[in-house]
Amino acid sequence: MPDSRYDAATEFDRQLDRLVQLGYPALAGLTEQAFRDLLTPLRAAAVTGAADLAAPTDGRVPFLLVTTRELVPVQERIALTTLDGKRKTGILDRNFPADDLPTFDPIKELEVPPGPAYLLFDVDRGEEYRNLPPSTALADMSAQGRLPITIDEGLAFVTLHPPALASNRCFSLVGSRCGDKRVPALWISQGAPKLGWCWFGNPHTWLGSATADPVRVGLP
């Protein structure tokens with residue numbers, strides 16, 4: 001049963017306010033009101049979809065308001081992330097050239113809604129997959145009826161719920177691939193989030209593979 005102290009409508013408003021506070025409207029070339037008008041139609045679906053989900057914990061949240069690269073580029077969004085309670089902002093790993101980012105698209109198993117924003121439900125950082133290669137994690141989560149998350153979704157996770165990224169609790173973003181053996185990942189470097197990549201067949205003791213409910217809900 002959901003925690004009685006958790007209210008999905010309030011949480012949606014908090015997430016939207018957080019994006020506004022970080023400056024997303026200006027980065028998207030919109031006024032604050034236009035930005036709110038664009039994303040607010042997802043509020044009702046968030047309330048309905050999260051009705052039976054548990055309240056947030058450090059590693060799991062009932063839903064995320066995901067903004068895409070159609071709205072704000074990846075490089076600008078990673079620069080607005082921080083660790084929980086910290087101020088140092090996130091960076092793009094030097095081994096992950098910015099020119100590569102547009103080539104990482106959602107894998108075919110995901111039905112990511114088109115457009116600038118959508119909802120993702122029951123998101124977990126997948127720490128049970130630490131020290132397992134992303135290839136093994138993908139097979140296991142798929143067998144359990146869950147799917148990996150993308151770069152856009154990982155950025156939303158860390159932006160809107162900073163406790164998700166913690167020491168030895170980092171995660172791969174197996175839902176975004178570019179046709180080779182690289183898998184994007186979010187980890188901690190010098191006290192800040194870093195977006196980089198690892199290999200599909202390589203395990204790391206500190207790196208899990210984040211998962212979510214397969215259903216994603218787009219703008220009406």
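Two strands pair if DSSP finds at least two bridges between them. Keep that in mind for the first pair. Strand β1 and strand β4, residues 117-124, clear that bar with seven bridges, in the antiparallel sense. One of the contacts to look up is valine 61. Its bridge partner in β4 is valine 123.

Before we go on: this is a predicted model.

Stay with β1 for a moment. How many of its eight residues are buried? Seven of them, so to speak of cover, β1 is mostly covered.

Now the sheet. Five strands form it, and the sheet is open. The order is β2-β9-β8-β6-β10. The pairing is mixed. Which strands stand at the edges? They are β2, residues 91-92, and β10, residues 207-209. Each has a single partner strand, so one side of each is left without a neighbour in the sheet.

Look at β8 and β9 next. Strand β8 covers residues 182-189, and strand β9 covers residues 192-199. They pair over eight bridges, in the antiparallel sense. Arginine 182 stands opposite tryptophan 199 in β9.

Two helices deserve a look here. Helix α7 packs on the sheet and touches β6, β8 and β9. The direction of α7 makes about 15° with that of β8. Helix α6, residues 134-143, lies across β6, β8, β9 and β10. Against β10, helix α6 runs at about 35°.

On to the loops. Glutamine 190 lies in the loop between β8 and β9. Its phi is positive, about 50°, although it is not a glycine. Most residues other than glycine have a negative phi. Is glutamine 190 buried or exposed? It counts as exposed, at 68% relative accessibility.

There is a second case. Asparagine 168 is found in the loop between α7 and β6. Here phi is near 60°, again a positive value in a residue other than glycine. Asparagine 168 is partly exposed, with a relative accessible area of 42%.

Next, the empty space inside. The structure holds two cavities of 30 Å³ or more. The largest has a volume of about 40 Å³. Its lining includes Leu19, Tyr24, Leu65, Arg77 and Leu155. Which elements give two or more residues to that lining? They are β1, residues 60-67, and α7, residues 151-160. The largest share comes from α7, with four residues. By class, the lining divides into six nonpolar, two polar and one charged.

The second largest cavity has a volume of about 30 Å³. Among the residues that line it are Leu132, Pro134, Ser172, His204 and Leu207. Its lining has four nonpolar, four polar and no charged residues.

Last, the largest pocket. About 220 Å³ of space lies in it. The lining has 17 residues. Which of them are the closest to the centre? Thr68, Arg69, Pro106, Val112 and Asp152. Strand β3, residues 105-106, and α7 each supply at least two residues of this lining. The classes are nine nonpolar, four polar and four charged.

One element to take away is α7. Helix α7 packs on the sheet. It gives four residues to the lining of the largest cavity. And α7 supplies at least two residues of the lining of the largest pocket.

Note on methods:
Residues are numbered from 1 along each chain as its sequence is written. This is a predicted model: local features need pLDDT of at least 70, side-chain atom pairs count only at pLDDT 80 or more; totals for chains, interfaces and linings use all residues. Side-chain values use heavy atoms; hydrogens and water are left out. On a 1 Å grid over the protein atoms alone, a cavity is a set of points where a 1.4 Å probe fits but cannot get out, and a pocket is an open set with protein on both sides within 12 Å along at least five of seven lines; lining residues have an atom within 4 Å of a point. Grid points are joined across faces, edges and corners, and a volume is the space filled by probe spheres set on the points. Ala, Val, Leu, Ile, Met, Phe, Trp, Tyr, Cys and Pro count as nonpolar, Asp, Glu, Lys and Arg as charged, and the others, Gly among them, as polar. Contact means heavy atoms within 4.5 Å. Axes are lines fitted to C-alpha atoms, for helices over the stretch in contact, and angles run from 0 to 180 degrees between N-to-C directions. Buried means under 20% relative accessible area, exposed over 50%, partly exposed in between (1.4 Å probe, protein chains only).
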